[in-house]
Number of protein chains: 2
Amino acid sequence: MKNLVIIGGSDAGISAALRAREYDPSIKPIIIESGNFPNFSICGLPYYISHEVTNWKNLAHRTKEEIEDKGIRLLLGHRATMIDTASKKVTVTDHHGQMIFLDYDKLVIGTGAISIKPAILGFDNPGVFLLRWVPDSIALDDFIDKRKPKNALIIGAGYIGMEMAEALVKRGLKITVVEFTESVMPTFDPDLGMMIKDTLAQNNISVYNNIAVESINPLDDKLIVRGTNNFEIVADMVFTSVGVTPNTSLDVLSGLEKGIKGAYKVNKKMEIGIPDIYAAGDCAETWHSLLKKYVYMPLGSIAHKQGRIAGENAAGGNREFAGSLGTQSVKVFDKVIARTGLNEKEAKDGIFDPVSADFETWDHKVYFPTARKLHIKVTADKMSGKIIGAQILGAYGKEVSKRIDIFATAIFHEMTIRNFNDYDLSYTPPLSSPWDPVQMAVQKLEKNPLLKK
Amino acid sequence: MKNLVIIGGSDAGISAALRAREYDPSIKPIIIESGNFPNFSICGLPYYISHEVTNWKNLAHRTKEEIEDKGIRLLLGHRATMIDTASKKVTVTDHHGQMIFLDYDKLVIGTGAISIKPAILGFDNPGVFLLRWVPDSIALDDFIDKRKPKNALIIGAGYIGMEMAEALVKRGLKITVVEFTESVMPTFDPDLGMMIKDTLAQNNISVYNNIAVESINPLDDKLIVRGTNNFEIVADMVFTSVGVTPNTSLDVLSGLEKGIKGAYKVNKKMEIGIPDIYAAGDCAETWHSLLKKYVYMPLGSIAHKQGRIAGENAAGGNREFAGSLGTQSVKVFDKVIARTGLNEKEAKDGIFDPVSADFETWDHKVYFPTARKLHIKVTADKMSGKIIGAQILGAYGKEVSKRIDIFATAIFHEMTIRNFNDYDLSYTPPLSSPWDPVQMAVQKLEKNPLLKK
């Protein structure tokens with residue numbers, strides 16, 4: 001029986017523990033978790049703020065008891081502080097402040113990420129919020145309940161910014177968004193971002209682009225926020241979401257090389273280069289299967305995948321992480337925007353010469369009621385004809401997210417534009433067309449003479 | 001400029017004409033269509049009966065004018081009666097009964113299918129209906145309007161039977177279904193069929209299984225229907241949907257070998273074995289890419305694909321039909337049932353040794369409102385570990401049909417159970433889970449020790 005120690009009780013750590021148990025039931029993993037909320041759905045926090053989730057406890061993927069019933073030992077309120085790789089010991093401070101030492105045969109690090117605190121003067125003023133953990137959400141929720149803000153400024157128009165904009169509108173606040181780039185949802189091409197900006201406008205949300213926020217100052221009960229381009233706004237509260245940074249503050253004896261944005265360097269087996277130690281999830285780098293290089297991509301879906309692989313390998317398996325495509329979907333009010341692969345800029349910055357088609361049609365035969373428009377952008381590499389990216393915007397409930405997954409699956413298999421029509425996709429008038437919209441979009445791109453084959 | 005003649009103005013014929021024009025704009029195809037409703041969505045007819053489609057004219061994929069604007073000549077009310085393959089002429093009877101002769105360089109046959117008239121005594125009585133073409137639907141709709149039937153018996157619980165059951169319930173009729181097999185939706189495994197039977201029961205529809213209807217006799221204004229197992233029911237009207245048969249009555253000089261169910265034998269280029277003649281759609285056989293043999297599979301999505309390939313090849317191209325997986329989805333009241341690949345029986349009858357997992361979960365994180373249960377059955381081949389089929393039942397609007405398409409795409413690429421987890425599928429709490437339900441189902445199957453790898 002191996003001694004498997006896991007640092008971090010969020011997506012990657014729990015996935016590793018569960019998979020290790022499945023792979024070798026003789027293993028009884030120990031998880032060291034500094035907080036008291038193991039296996040919580042970080043992605044669900046905005047829906048707690050919106051009150052669509054009525055009790056924050058429902059946000060747990062699994063309860064403490066469910067995890068322990070699987071034969072996993074949870075040390076909550078325990079903080080790992082040091083790994084001695086020579087003697088294979090982890091130093092842990094328990095909830096009484098007592099130092100304990102855990103021996104490991106195999107170790108998985110899944111310490112996650114922390115929100116970036118932007119370099120804004122006065123960022124620590126009361127009324128300025130980040131959202132990463134359960135206590136952050138409870139604090140934010142309390143503030144709204146007690147202070148009853150009428151409006152909020154959101155700094156950062158990425159996907160958490162968008163989800164929080166919707167959540168706060170649902171709580172009755174008037175929302176303004178300020179964003180550093182020229183559009184919203186900067187992981188999408190600006191033309192699609194502008195369509196989301198229209199959706200925001202329909203929900204009475206103003207967006208200010210190309211602005212770097214520089215200072216936040218109290219003004220009576222309010223906050224005055226200033227930025228470049230003479231930006232100045234007074235708000236009852238400020239929510240900030242400008243990305244995350246890997247949580248790799250753990251002291252590892254014998255040293256450890258860190259990679260992009262300070263994330264742990266890993267190989268495809270999720271090994272970090274020190275015997276018997278794996279890292280997975282938001283604290284680690286991610287292999288991008290299209291760019292053929294490591295990137296930093298802190299997404300819950302990837303944390304689950306990498307954790308599963310680290311767990312299987314720690315338990316004696318031999319699995320490799322196949323890589324990520326940056327697949328992502330976000331609900332913004334009544335719309336969903338989803339992407340996979342590379343957008344045009346990423347493709348150009350990478351190793352590709354991209355060509356795209358924009359295509360708009362109905363999600364299903366328009367003669368059947370409730371058809372809504374889908375906007376599909378599909379990108380291929382001119383030379384190889386391979387599909388390298390897709391972006392879809394459409395209505396919630398109209399199969400936007402699983403349509404992007406058809407592209408994700410196709411890109412995984414290096415499918416070409418020419419052969420994408422060969423897929424035998426499902427059709428019934430209330431749900432699609434004889435050619436699914438994804439195939440119609442590809443047919444449009446196929447006609448582009450810039451495609452070499 | 002080639003003389004391209006196309007027989008049949010439905011899905012296959014129109015697709016062939018459109019693709020030929022795209023491929024070589026110098027071609028001006030002529031389509032011979034015996035009816036007056038070119039390019040109508042046959043799959044949409046039940047939604048005309050339900051009155052969800054308010055005008056039958058909306059059922060046209062394209063109007064006559066739109067087709068002609070693409071540079072395609074339509075001869076409506078013209079019936080092709082003979083092909084002289086030696087002199088390359090098609091004999092056509094025009095709408096005045098006049099015989100005309102059309103020369104062709106290339107010929108595409110897309111004559112479709114016709115409803116099977118079951119061998120039931122008294123099937124020709126008034127009040128007994130089939131549904132294949134626009135005039136059938138108008139007749140049925142008129143009957144309901146004028147005779148105001150209170151109830152209907154549906155013979156055949158396939159997908160058109162199910163769609164019609166829903167349509168007639170929406171028109172206020174009490175519906176009974178009688179079916180020859182042990183379940184409903186016989187292209188699905190019986191366990192999933194039974195779940196659809198539950199949905200029918202929730203909508204006050206009784207189903208009688210294992211019965212062969214033998215006779216229909218008038219009884220005053222009603223019909224008395226009798227079958228095996230002492231089945232006897234009195235109904236105001238009867239709707240029959242027991243499948244279709246290829247429409248291959250065209251006289252082809254020099255003879256022509258027909259295949260399964262009398263469909264035209266074709267190769268992957270959709271050639272029929274006589275120079276310069278192609279067949280596509282419901283009149284032709286279909287290559288099944290899993291069974292590695294020809295089958296008869298009259299589906300609109302396949303007709304579009306085969307028509308496109310026939311059209312491209314007739315225009316000088318060189319495309320092959322990649323094969324079908326029998327992908328299909330159907331809305332039944334508030335549910336959707338979808339399949340791709342092989343069900344267990346088909347797999348056993350084929351060249352596989354199947355093993356399946358049944359898995360039930362929520363379509364998205366249950367903490368976000370409106371989550372609904374998905375039932376996923378996934379089937380793999382024990383020896384190779386390859387996925388060979390999937391069936392999903394879930395609520396309408398919960399991405400059932402495009403989830404089946406993820407499987408369809410995976411099966412196309414001969415994906416294994418083991419590597420299916422490598423797909424980077426999209427996740428956001430209102431639409432999925434960190435592992436999409438399709439991956440969770442496959443993870444369950446992965447644990448089955450019967451899988452060899």
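**Figure 1. A four-stranded open sheet in chain B of the predicted model**. The 4 strands (DSSP E runs of at least two residues, numbered from the N terminus) follow the order 6-5-4-18, with mixed pairing. Strand 6 (99–103) and strand 18 (251–252) of chain B are the edge strands, each pairing on one side only; pairing requires at least two DSSP bridges between two strands.

**Figure 2. The junction of strands 4 and 18 in chain B**. Strand 4 (residues 79–84) runs parallel to strand 18, and 2 bridges join them. B:Ile83 has B:Val252 of strand 18 as its bridge partner.

**Figure 3. Surroundings of B:Thr176 in strand 11 of chain B**. Strand 11 covers residues 174–178. B:Thr176 counts as buried because its relative accessibility is 11%, the limit being under 20% relative accessible area (1.4 Å probe, protein chains only). Leaving out residues up to four places away in sequence, B:Thr176 touches B:Ala152, B:Leu153, B:Ile154, B:Ser206, B:Tyr208 and B:Ile233; contact means heavy atoms within 4.5 Å.

**Figure 4. Chains A and B superposed**. A rotation of 180° with 0.0 Å of shift along its axis places chain A on chain B, with an RMSD of 0.0 Å, by least squares on the C-alpha atoms of residues with pLDDT of at least 70 in both. The two copies are therefore related as by a two-fold rotation axis. The same surface serves both copies, as 99% of the contact residues of chain A recur in chain B. Chain A has a mean pLDDT (the predictor's confidence in each residue, from 0 to 100) of 96, and 100% of its residues reach 70 or more. For the complex, the predictor gives an ipTM of 0.97 and a pTM of 0.97.

Residues are numbered from 1 along each chain as its sequence is written, and chains are lettered from A and ligands numbered from 1 in the order in which they are written. In this predicted model local features need pLDDT of at least 70, side-chain atom pairs count only at pLDDT 80 or more, and totals for chains, interfaces and linings use all residues; side-chain values use heavy atoms, without hydrogens and water.

Technical notes:
Buried < 20%, exposed > 50% of the residue type's maximum accessible area, 1.4 Å probe, protein only.
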